[in-house]
Amino acid sequence: MKKVALIINPQAGKCKLEKELDKIESRLTKAFAKVTIYQTGQEGDGKRFVEQHAEEIDLLIAGGGDGTVFEIMNALVPLENRPVFAILPGGTCNDFSRTLGISQKPLEALEQIIMQKCMHVDIGSYHKHYFLNFWGIGIISKVAEEMDDANKQLLGRISYYLNTSKLVFQDKAFSLKIRSEELHYDEKAELLVVGNGSYLGGIQSFFPHADVQDGKFDVLIVKEAKLKYLKKWLEAKIQDDYPENEKDDDIIYFRTSKLEVSASPEQNIDCDGEFLDKTPAIVEVLPKHLKMIYGEIQ
Ligand SMILES: Nc1ncnc2c1ncn2[C@@H]1O[C@H](COP(=O)(O)OP(=O)(O)OP(=O)(O)O)[C@@H](O)[C@H]1O
């Protein structure tokens with residue numbers, strides 16, 4: 001790979017990457033023949049850069065938090081000639097970079113990127129929006145909506161779970177209808193998570209064994225989000241083992257490549273932490289759609 005572009009959000013993660021930018025630039029220019037570094041000034045700049053320049057380059061690096069990666073990836077996925085994509089993690093959670101075994105230390109991550117180990121990864125899609133990590137409705141979106149910024153800054157990813165534990169005591173049930181080849185569902189639920197990557201909120205929580213090359217989502221429906229499930233999810237993290245729940249009627253887990261989802265009342269959709277739409281939606285895998293750089297996958 002010769003032509004490389006790094007799009008960096010200098011504000012992300014309390015300027016984590018910006019502080020290392022001189023070192024990042026000198027290392028990249030040593031490793032590649034042509035390097036362009038573009039610093040975003042506001043939301044939308046990353047998208048414009050991709051639309052104008054991505055098809056001319058070999059490797060595109062997104063430097064920032066999950067919001068920056070989401071914006072850049074969403075502009076990249078629809079292009080016909082897509083460069084190899086890499087994430088230089090610079091935010092709080094950096095979920096997909098973790099799934100790909102990329103170091104959370106920027107200069108170590110940069111060395112992994114320079115090694116250029118690539119794999120084709122699945123992308124989630126709905127209504128021409130794309131996600132790397134998850135798509136969800138129900139208490140998952142409420143967690144993000146109700147998370148205050150001060151908590152997020154102070155406690156980082158742990159605040160995600162503190163908020164979840166608050167929410168399991170509230171009644172958030174809605175009528176959920178799912179149509180997929182593997183499952184038809186017509187009942188009350190409090191949570192639906194469609195997972196692509198294995199990390200959520202910086203923790204390998206819901207789907208520790210998710211495979212980003214299998215052309216399938218991991219889908220979790222929780223009928224009633226009792227506190228015992230929160231305990232199970234945390235235990236699953238600790239034991240690195242998803243709780244098999246065939247015996248537990250309140251949790252349904254299945255895998256699929258496409259599902260149609262509707263809800264009553266309509267629900268806000270949380271797509272990799274961004275809120276763009278409400279239900280109904282058709283959620284689909286784009287198999288092995290992006291070629292991405294990976295590090296040490298466990
Ligand atoms: N220069 C900039 N100043 C302010 N916002 C920016 C800038 N460049 C991009 N943005 C927007 O800021 C939003 C948040 O960025 P991002 O998620 O990368 O950082 P973060 O919020 O610090 O990270 P995290 O969400 O992991 O805590 C994104 O939607 C992005 O488009």
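## Domain contact, ligand shell and sheet

The protein chain falls into domain 1 (3–116) and domain 2 (131–287). The model is a predicted one.

**Domain contact.** Nine residues of domain 1 and 15 residues of domain 2 make up the contact. On the side of domain 1 that touches domain 2, α4 (66–76) and α5 (95–99) each contribute at least two residues. The most comes from α5, which gives four residues to this side of domain 1.

**Ligand shell.** The ligand is surrounded by 20 residues, and the closest are G65, G67, T68, G91 and T92. Two or more residues of this shell come from each of α1 (12–15), α3 (45–53) and α4. The largest share belongs to α4, with four residues.

The table gives the residue classes of both groups.

| Group | Nonpolar | Polar | Charged |
|---|---|---|---|
| Side of domain 1 that touches domain 2 | four residues | two residues | three residues |
| Shell around the ligand | three residues | 13 residues | four residues |

**Sheet.** An open sheet is formed by six strands in the order β12-β11-β10-β7-β14-β15, with antiparallel pairing. At the edges stand β12 (251–256) and β15 (274–278); each has a single partner strand, so one side of each lacks a neighbour in the sheet. On average, and with direction ignored, neighbouring strands of this sheet are turned by 20 degrees against each other. Within the sheet order, β7 is followed by β14. Strand β7 (residues 134–138) and strand β14 (residues 268–271) run antiparallel and are joined by two bridges. The bridge partner of G136 in β14 is D270.

How values were computed. Residues are numbered from 1 along each chain as its sequence is written. This is a predicted model: local features need pLDDT of at least 70, side-chain atom pairs count only at pLDDT 80 or more; totals for chains, interfaces and linings use all residues. Domain bounds come from an automatic or database domain assignment. Two residues are in contact if their C-beta atoms, placed from the backbone, lie within 7 Å. Ala, Val, Leu, Ile, Met, Phe, Trp, Tyr, Cys and Pro count as nonpolar, Asp, Glu, Lys and Arg as charged, and the others, Gly among them, as polar. A residue is near a molecule or strand if its C-beta atom, placed from the backbone, lies within 6 Å of it. Two strands pair if DSSP finds at least two bridges between them. Axes are lines fitted to C-alpha atoms, for helices over the stretch in contact, and angles run from 0 to 180 degrees between N-to-C directions.
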